[in-house]
Structure formats: structure tokens, C-alpha cells
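This report sets out how the parts of one protein chain are arranged. It should be read with the sequence and the 3D structure at hand.

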Amino acid sequence: MALAPVDAVNLTVEAVGPQIDYYLHGGITAVQAVLPAMTARRSGVIVVTTGASSGPVIHPPLGSVGAATAALRNWTLQLHAALEPHGVYAAHVAIAAYIGKGGPQSQPDAIAEAYRELVTSRTQAELVYRDETLKL
């Protein structure tokens, strides 16, 4: 399976297929492995993470990745709304950072703290995490 990104202008159905399989189908498979137990006990947390090209940041060179991760992002936001009445928290995190490189906001400890705050508060369906020193 080729996962090399294809830019938005040259994107084809054949090129996006492996990305859809990897991101969307992979995400659905992983969540469905744990969701029945979470809904049965009426508690649990699902956090799905993508790069920010899933929607919050437009980056045409990642057209194929953005299309697939946007689908995963949308499904996760739908899950958030559907699962909230059942005691299960689902959220999407879009990361616009070069993890471990760049400014202080790109360091793993800073990102981990943002996840902790998201999961502890459970007030947001989505967190767009940005290293503001990046020019995106």
C-alpha cells in the first residue's frame, strides 16, 4: 500500500484509496474494537489524532492525506455528538506542529499537557493544537 502524499491538483481516486484505507478504515476498526465495552459500561474516552491538514490547515501538497484525515475527523466529531448521551467522550486532535522540533509548543510534554486538559475537561469535540512559531 503506497501512502506517499499526492497533492490536491493531481489527486485521483486510485491515489486516495490507500489513504482512506489507512486513516478512515483504520480508525473505524480501532474504535469499533473498544466501543461496545465503553457504551456497555457508559464510560470511556476516544481521542483520534491527525495532522492539521484534516481541515483546520489547508496544505495542498498533502491533498490525499487531507482528504482521508478530513473524513476521519468528521466521523470523530459525529461520534462525539452521538456518544455524549451514552457517557463516552470522543474528541479529535489536529496537530499543527513538528513534534520534538520547532518552538516550545512542539515539545512532547507541552502536547501531552494539551491532551490531558482536553480529556480532563471533556468540553470540546476538537482541539486544534498549533505551534504558533510555524508558518502554516
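In this predicted model, the largest nonpolar core consists of 12 residues: Leu-24, Val-31, Leu-35, Met-38, Ile-46, Val-48, Leu-72, Trp-75, Leu-79, Leu-83, Val-88 and Ala-90. Helix 1, strand 1, helix 2 and strand 2 each give two or more residues to this core. Within the core, Leu-83 is in contact with Leu-35, Thr-39, Ile-46, Val-88 and Ala-90, leaving out residues up to four places away in sequence. A second core, separate from the largest one, has 10 residues, among them Val-93, Ile-95, Leu-127 and Tyr-129. In soluble globular proteins, nonpolar side chains tend to be buried together.

**Strand 2**

Strand 2 is largely enclosed by the rest of the structure, because 9 of its 9 residues are buried. In a regular strand, side chains alternate between the two faces of the sheet. From strand 2, Val-88, Ala-90, His-92, Ala-94 and Ala-96 point one way, while Tyr-89, Ala-91, Val-93 and Ile-95 point the other way, and all are buried. Strand 2 pairs with strand 1 in the parallel sense over 8 bridges. In this pairing, His-92 of strand 2 has Val-48 opposite.

Tyr-89 belongs to strand 2. With a relative accessibility of 5%, Tyr-89 counts as buried, since the limit for a buried residue is under 20%. Not counting residues up to four places away in sequence, Tyr-89 touches Gly-44, Val-45, Ile-46, His-80, Leu-118, Val-119, Arg-122, Thr-123 and Gln-124. A polar atom of the Tyr-89 side chain lies 2.6 Å from the backbone oxygen of Gln-124. The C-alpha atoms of Tyr-89 and Val-34 are 13 Å apart, and the two residues are separated by 55 residues along the chain.

**Helix 2 and helix 3**

Helix 2 covers residues 63–83; at 1.5 Å a residue its 21 residues should span 30 Å, and the end C-alpha atoms are 30 Å apart, which agrees. The buried residues of helix 2 are Gly-63, Ser-64, Val-65, Gly-66, Ala-68, Thr-69, Leu-72, Trp-75, Thr-76, Leu-79, His-80 and Leu-83. The cover over these buried residues includes helix 1 (13–41), strand 1 (44–51) and strand 2 (88–96).

For helix 3, residues 108–121, the same check gives an expected span of 20 Å for 14 residues; the end C-alpha atoms are 20 Å apart, which agrees. Which residues of helix 3 are buried? They are Ile-111, Ala-114 and Leu-118. Because they cover an arc of only 55° around the axis, they lie on the same side of helix 3. An α-helix has 3.6 residues a turn, so residues three or four places apart point the same way. On the other side of helix 3, Asp-109 and Thr-120 are exposed. The buried residues of helix 3 pack against strand 2 and strand 3 (126–130). Just after helix 3, Arg-122 has a positive phi of about 50°.

**Ser-106 and Asp-131**

Ser-106 is located in the loop between strand 2 and helix 3, and Asp-131 is in the segment after strand 3. Are these two residues buried or exposed? Ser-106 counts as buried at 0% relative accessibility, and Asp-131 is buried with a relative accessible area of 2%. The side chains of Ser-106 and Asp-131 are joined by a polar contact of 2.3 Å. Further polar contacts of the two side chains are listed with it below.

| Side chain | Partner | Distance |
|---|---|---|
| Ser-106 | side chain of Asp-131 | 2.3 Å |
| Ser-106 | backbone oxygen of Lys-101 | 3.1 Å |
| Asp-131 | backbone nitrogen of Gly-103 | 3.1 Å |
| Asp-131 | side chain of Thr-133 | 2.6 Å |

Setting aside residues up to four places away in sequence, Ser-106 touches Ala-97, Tyr-98, Ile-99, Gly-100, Lys-101, Ile-111 and Asp-131. Ile-111 is also one of the buried residues of helix 3. Asp-131, leaving aside its neighbours within four places in sequence, is in contact with Ala-96, Ala-97, Lys-101, Gly-102, Gly-103, Gln-105 and Ser-106. Ala-96 is one of the buried residues of strand 2.

Methods
Residues are numbered from 1 along each chain as its sequence is written. This is a predicted model: local features need pLDDT of at least 70, side-chain atom pairs count only at pLDDT 80 or more; totals for chains, interfaces and linings use all residues. Side-chain values use heavy atoms; hydrogens and water are left out. Helices (H or I, at least four residues) and strands (E, at least two) are DSSP runs, numbered from the N terminus. The expected span of a helix is 1.5 Å times one less than its number of residues. Buried means under 20% relative accessible area, exposed over 50%, partly exposed in between (1.4 Å probe, protein chains only). Contact means heavy atoms within 4.5 Å. The arc is that of the directions from the helix axis to the C-beta atoms. A nonpolar core is a set of buried Ala, Val, Leu, Ile, Met, Phe, Trp, Tyr and Cys residues joined through side-chain atoms within 4.5 Å. A polar contact is a pair of N or O atoms within 3.5 Å; within protein, one must be able to donate a hydrogen and the other to accept it, and residues adjacent in sequence count only if both atoms are side-chain atoms. Two strands pair if DSSP finds at least two bridges between them.
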